[in-house]
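Colleague: Please take a close look at the salt bridges of this model. Which residues take part, and how are they placed with respect to the surface?

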Amino acid sequence: MPELPFVQVLVDTLAPEVRGRTIASVVVASPSAVKTAAPPVTAAVGRRITAVGRRGKLVVLTLDGDLVLVVHLMRDGRLQVVPGRPHRLRLPRPVVLALRLDDGRDLRLTESGSRRRAGVYLLRAAEADRSEPLAGLGPEPLSDGFAVDAFARSLRSSPGQLKAVLTRQRVVAGIGNAYADDILWEARLSPFAPAARLTDGDVARLHAAVRGVLAEALERYRAHFGGRLPAAEPADLLRVHRRGGEPCPRCGTPIRVVYYADRETYYCPACQTAGRVYADRRLSRLLR
């Protein structure tokens, strides 16, 4: 799933393309992509896009008339701006929804694969922060509001293993499976450690790693895409995630992987787990 660096670059690139444009029509190719009913998605027609922003992993389009259109890309959703063809009501298969703009272009939400999980939410601005998917999101990790003391309280009040807690959007917004691995590697913390048992020193290192890793990733993403609207995730920019079997960038120990049903966790046994190697969780065993 696209995480903070990807979505921020997407928003930065998309804003000058669509800000100030009026939505001339909305074409829905996949009804499951529309996640709200009141107001109906057609209420966006005739509204001008006044701002393009990000909240966590979400793209937020502010429309005049006190409406907010939120796009959740999920795992395979992407946004693109392309020349529109108003006389064609049928959209190409990867496109699940299109906003047709007053300059003849389409802002399209596409989703590869057969599963349709990406979605669009049209919300009233006054209620947006209390409505899904914006409700309950934690602090932005690169903002001044991401304070170490509050972060410590959130971690220690959240049951579960550290990686799982770190990716809960109510604890901190914008971190997913991939960057959680890189952040925990940077902080030299085990992804399997109980979050509630972190020491003050552990929390301080983790807080610094969250800010440092994401800030560096954001700059690297900007350089990588060079002003282009991002599509594919640049996996080669990650330090540990997706690098199973490769030497740890810090100590040279082979990076190990724990496979779950729908995700993986990558870590360095020497730097993070005191030499312990964990088994495939689909087998529910611990290798010693």
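Modeller: A salt bridge is counted here when a side-chain nitrogen of Lys or Arg lies within 4 Å of a carboxyl oxygen of Asp or Glu. In this predicted model, Arg243 and Glu246 form such a contact, with their closest N and O atoms 3.2 Å apart. Glu246 has a relative accessibility of 34% and counts as partly exposed, because that class lies between buried, under 20%, and exposed, over 50%.

A second pair consists of Glu216 and Arg239, whose side chains meet in a salt bridge at 3.0 Å, N to O. Glu216 belongs to helix α5, residues 200-225, whereas Arg239 sits in the loop between α5 and β9 (256-259), so the salt bridge ties together parts that are 23 residues apart in sequence. Both partners are partly exposed: Glu216 has a relative accessible area of 36%, and the value for Arg239 is 31%.

The pair of Arg108 and Asp106 has another setting. Its closest N and O atoms are 3.2 Å apart. Arg108 counts as buried, with 10% relative accessibility, and Asp106 is likewise buried, at 1%. Both values therefore fall under the 20% limit for buried residues.

Salt bridges also join into a network in this model, which links Glu17, Arg21, Asp102, Asp103 and Arg105. In total, the structure holds 15 salt bridges, among them the contacts between Arg243 and Glu246, between Glu216 and Arg239, and between Arg108 and Asp106.

Conventions. Residues numbered from 1 in each chain as written. Predicted model: local features only at pLDDT ≥ 70, side-chain atom pairs only at ≥ 80, totals over all residues. Heavy atoms only, no water. Buried < 20%, exposed > 50% of the residue type's maximum accessible area, 1.4 Å probe, protein only. Helix = DSSP H or I, 4+ residues; strand = E, 2+ residues; numbered from the N terminus.
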